[in-house]
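User: Please zoom in on one loop residue with an unusual backbone angle, and then tell me how the two chains meet. One connected answer is fine, no need to be formal.

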2 protein chains.
Amino acid sequence: MRIVLIGAGNVGHHLGLKLHGAGQEVVQVFSRKRLRAKDLAKKISAKATTSLHQISEEADLYLLAVNDDGIAEVSQKLVEVGLSEKLMAHTSGATPMTVFESAGAKRFGVFYPLQTFSKNRQADFSKIPICVEANSEADYFLLKNLAEKLSPNVHRISDEQRSVLHVAAVFANNFSNHLYHIAGDILAKNDMPLDLLIPLIRETVAKLDDGSPAEMQTGPARRGDEATIQRHLNFLKKHPDYAKVYKILTDGIKSS
Amino acid sequence: MRIVLIGAGNVGHHLGLKLHGAGQEVVQVFSRKRLRAKDLAKKISAKATTSLHQISEEADLYLLAVNDDGIAEVSQKLVEVGLSEKLMAHTSGATPMTVFESAGAKRFGVFYPLQTFSKNRQADFSKIPICVEANSEADYFLLKNLAEKLSPNVHRISDEQRSVLHVAAVFANNFSNHLYHIAGDILAKNDMPLDLLIPLIRETVAKLDDGSPAEMQTGPARRGDEATIQRHLNFLKKHPDYAKVYKILTDGIKSS
C-alpha cells in the first residue's frame, strides 16, 4: 500500500518506521518541521515535504499522525488541494471520525495505535492494540488489513467506544502514573527512592494476567483493616491533598 | 544459617523456597495448618510442626512470616517457651520492630521483602527489595548478610521509614490497581475488554526507568486540555464516584 504520512512526531515516527519495516511503501512524509520530515523520510526511503500543497496525489492512504487540534485543519487542507476522494485516517484516540466529514472528505477512518510513544523508546507493535474504524466497509477492511501487518492485536472500535476508551486510558495511564508520583514524593521526603516500589508496581500489573483487578486487590482497604487505614490517614495529615486521594480510593475499594 | 520459619502462607512459602534454594538450612516450618506446614517442609527438606511448643531451640534465626496481627502473639509464645535470647525477625511492612520488645524478646529485627506474593506465581527475588533492620548492629549485619543471599537489592530501613513505605506502597499498588478496576469497569459497560489497555499500562510503568513520574506524565490534565477534561467529566456523569476520582487526580496532576 502506498501511504503518505502526515506528521513526524512521536506517533508518526514510530508508525513510519513500523509501516516501512512491515513492507508498506511510505511514499512521502510531511512535517512543518523540515528536519523532522527529512530525518524520518530518510530512515524509511520516503520523500520529505513541509508543504501540504506538495502532498503526493499518488497514495492509497493519507495517514494523519498530527495533534488532535491539527486534524480538522489538515484534512480541510487535503480536501482543498484536491484529495477529497482519497482515503484519510487519523491516529487519535480522542477525535471522532466525523472530523473528516466536516472537512468535506468522502472516504475516511481511524487508525489508532493504543500506546504512549516516546522518541527514545522502541515501540513493540506486537503488543500494541490498533483500533480501526472507517465510514465504509471496504475502507474498514483496508485499514484492518494494514493494521494486521503491524500487530496481531487489531480491534474494530466505534467513535463512541473510542471516546470511552480514552477516558479509561486516562485512569489506567495518567492517573496511575500520578499515584506513582505521590508515592515517590512521600518516599523522597523520607529519604527513600521510588525504586524501592518499582518491583511491586510491576508485579501489580503482571498479576492482571491472572485475574481481574478486583479479584487481585489486596491491602488494608480490601481487608477492611481500619487500624492501618487510620494510621495512614494520621501520617497523611502533613499531606492533605494526598489524604483526600487516599480516602476517596479507599472508599472506592471498599465498595467495589 | 539455621532458620526456623514460622508461617507457611504466601510470604512464608516463597521465602522458604528461596532460602532453601540459596543454601540456607531451614530446619523447621511452623504453621497452624498441618498440610501447609508439611507441604512446604517437604519441599525444602525441613521438619514440620503445628505447635509452637515444639519449635526447635537449635536455630540462629526465628523468621515470623505470619499476619501482622499474629506477630505479637507468636513472639510472646516464643519467649514463653524459652527463646527470648534468640534472634527473631518478622516480614511485615506495617509492624514496628518494637512489637518484639513488648513481647520480652532481647534480639530482634525486620526482614521485609517488599513484594506482593501469590501462591501460584513464581517470585523473582533478584528484583525484590529486602528491607532489613535490627536492634543491634551485629544482628543487623547478620540479617543484611542473609538478605544479600536472596537479592542484590537490600536496604536498611528504619521502623519509621518502613511505615512511610507502607503508605506509599498502598498508593503505588492497591490504589493503582483500583484505577485499573475503574478503567476495566468503564470499558466492560461499553463492550470492551481491559486487555485493550494492558500494553499501555505496562509502558507507563516501563517509562519510569527513563524519568520521574512527574517528568513522564502525559494526557489532558498535564496538557491543560480543558475541552477534553470537560468531555470526560460529561461522560462520567453516569459514574459519579468515578467522576470524583477523575476530578481529584486531574487537580493533583495540574498542581504537581
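Analyst: B:Asp191 is out in the open: its relative accessible area is 68%, and the bar for calling a residue exposed is over 50%. Keep in mind that this is a predicted model. The backbone is what makes B:Asp191 worth a look, since phi is positive at about 60° although the residue is not a glycine. As for where B:Asp191 lies, look in the loop of chain B that links helix H6 (159-188) to helix H7 (198-206).

B:Ser45 also has a positive phi, near 55°, and is not a glycine either. You'll find B:Ser45 in the chain B loop between helix H2 (34-43) and strand E3 (47-49), exposed with a relative accessible area of 62%.

Now for how the chains meet. In contact are 74 residues of chain A and 74 of chain B, and about 7600 Å² is buried between them, 70% of it from carbon and sulfur atoms. On the chain A side, A:Arg121, A:Phe171 and A:Leu196 lose the most area to chain B, together 9% of what that side buries.

There's polar chemistry too: six salt bridges cross the interface, one of them joining the side chains of A:Arg202 and B:Asp209 at 3.3 Å, N to O. Polar contacts link 26 residue pairs across the interface. Among the chain A helices that each supply at least two residues to this side are H7 (198-206) and H10 (226-235), but H6(A) gives the largest share, 23 residues. By class, the chain A side comes out as 42 nonpolar, 22 polar and 10 charged residues.

Conventions. Residues are numbered from 1 along each chain as its sequence is written. Chains are lettered from A and ligands numbered from 1 in the order in which they are written. This is a predicted model: local features need pLDDT of at least 70, side-chain atom pairs count only at pLDDT 80 or more; totals for chains, interfaces and linings use all residues. Side-chain values use heavy atoms; hydrogens and water are left out. Contact means heavy atoms within 4.5 Å. Buried area is the accessible area (1.4 Å probe) that two parts lose on being put together, summed over both. A salt bridge is a side-chain nitrogen of Lys or Arg within 4 Å of a carboxyl oxygen of Asp or Glu. A polar contact is a pair of N or O atoms within 3.5 Å; within protein, one must be able to donate a hydrogen and the other to accept it, and residues adjacent in sequence count only if both atoms are side-chain atoms. Helices (H or I, at least four residues) and strands (E, at least two) are DSSP runs, numbered from the N terminus. Ala, Val, Leu, Ile, Met, Phe, Trp, Tyr, Cys and Pro count as nonpolar, Asp, Glu, Lys and Arg as charged, and the others, Gly among them, as polar. Buried means under 20% relative accessible area, exposed over 50%, partly exposed in between (1.4 Å probe, protein chains only).
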